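Work through the exercises below with the sequence and the structure side by side, and try each task before reading its solution.

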Amino acid sequence: MTDAPSTAEATARARAIYDLGPTALFASKADPRFHYCLYVPPQVGRACRIGIEHEKLALRAGTLEPVPYDGENGIEAFLRRVAAQPGFETIVEDGRVMGLDGPASVSLEPGGQVEQNGSPQQRLRDGIAEIEAHLALLRPIAEASGIVLLGLGAHPFHPTKELTQIPRDRYRI
């Protein structure tokens with residue numbers, strides 16, 4: 001049995017991961033995954049990178065109820081407001097906005113979660129910076145729509161049957 005690392009050791013490890021990226025995730029160079037991140041076969045053609053997906057629940061400010069897809073301050077209207085920002089284009093299915101292409105693409109998950117699909121990064125800190133920039137863009141638009149974005153993939157207060165249903169064929173059961 002191994003003793004848990006001290007706070008200083010854990011902090012140093014976290015800093016190494018933040019500074020170095022994927023190669024810092026492995027306990028030793030003996031781990032074969034470490035070498036895969038340093039050497040990627042020529043057919044792959046690029047170094048190992050980190051791609052971060054960041055889900056956020058869209059909740060009503062004040063009540064923390066799930067935001068519906070439809071309506072003046074619903075998820076679709078929110079996405080249209082974000083799409084009005086430079087560099088974004090809507091992804092439309094059957095006349096409904098289902099996501100955005102742009103500086104960081106946005107997709108919708110089955111329960112109404114708004115997901116950022118980050119671009120591949122060589123360092124974890126670059127992925128974190130991308131998330132922070134994405135949130136800085138979304139927050140004022142969400143606040144103006146009466147929406148709070150909670151960084152979770154599953155709703156902590158409501159069962160699945162009470163969540164927003166996204167009008168997308170692949171999500172219908």
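The exercises that follow concern a predicted model, and they go from the sheet to the helices and then to the core.

**Exercise 1.** Find the order of the strands in the open sheet, and work out which strands stand at its edges.

*Solution.* Begin with the general idea that strands of a sheet pair through backbone hydrogen bonds, either parallel or antiparallel. In this model, six strands form an open sheet in the order β2-β3-β4-β5-β1-β6, and the pairing is antiparallel. Next, look at the two ends of that order: β2 (89-93) and β6 (147-150) each have a single partner strand, so one side of each is left without a neighbour in the sheet. Finally, follow the sheet from one strand to the next, where the twist averages 35 degrees.

**Exercise 2.** Trace how strand β5 is joined to β4 and to β1, and decide whether the faces of β5 are covered or not.

*Solution.* Start with β4 (residues 105-108) and β5 (residues 114-117), which run antiparallel and are joined by four bridges. Among the bridge partners, serine 107 is matched with glutamate 115 of β5, while valine 106 is matched with glutamine 116 of β5. The hairpin of these two strands has five residues between them, and glycine 112 there takes a positive phi near 90 degrees. Now turn to β1, which also runs antiparallel to β5 and is joined to it by four bridges; here glutamate 55 stands opposite glutamate 115 in β5. The last step is to check the faces of β5, and both are covered, since Val114 and Gln116 on one side and Glu115 and Asn117 on the other are all buried.

**Exercise 3.** Compare the expected span of α4 with the distance between its end C-alpha atoms, and locate its bend.

*Solution.* The helix α4 has 21 residues, and at 1.5 Å a residue, counting one less than the number of residues, it should span 30 Å; the end C-alpha atoms are 31 Å apart, which agrees. The helix nevertheless bends by about 30 degrees at leucine 138, and proline 140 follows within four residues. To place the helix, note that α4 (residues 124-144) lies across β1, β4, β5 and β6, running at about 15 degrees to β1. Its buried residues include Ile131, Leu135, Leu138 and Ile141, and what covers the buried residues of α4 includes β1, α3, β4, β5 and β6. Just after α4, glycine 146 takes a positive phi of about 70 degrees.

**Exercise 4.** Determine how many residues of α3 are buried, and which element gives the most to the largest nonpolar core.

*Solution.* First count the buried residues, taking buried to mean under 20% relative accessible area: seven of the nine residues of α3 are buried, namely Ile75, Glu76, Ala77, Phe78, Leu79, Val82 and Ala83. Then consider the largest nonpolar core, which has 19 residues, and in which Ile75, Phe78, Leu79, Val82 and Leu100 touch the most other members. Each of α3, β3, β4 and α4 supplies at least two residues of this core, and α3 gives the most, with five. As a closing step, follow phenylalanine 78 outwards: leaving aside residues up to four places away in sequence, its contacts are Val114, Leu138, Ile141, Ala142, Ser145, Ile147 and Leu149.

Definitions and conventions: Residues are numbered from 1 along each chain as its sequence is written. This is a predicted model: local features need pLDDT of at least 70, side-chain atom pairs count only at pLDDT 80 or more; totals for chains, interfaces and linings use all residues. Side-chain values use heavy atoms; hydrogens and water are left out. Two strands pair if DSSP finds at least two bridges between them. Axes are lines fitted to C-alpha atoms, for helices over the stretch in contact, and angles run from 0 to 180 degrees between N-to-C directions. Contact means heavy atoms within 4.5 Å. A nonpolar core is a set of buried Ala, Val, Leu, Ile, Met, Phe, Trp, Tyr and Cys residues joined through side-chain atoms within 4.5 Å. Buried means under 20% relative accessible area, exposed over 50%, partly exposed in between (1.4 Å probe, protein chains only). The bend at a residue is the angle between axes fitted to the seven residues ending there and the seven starting there.
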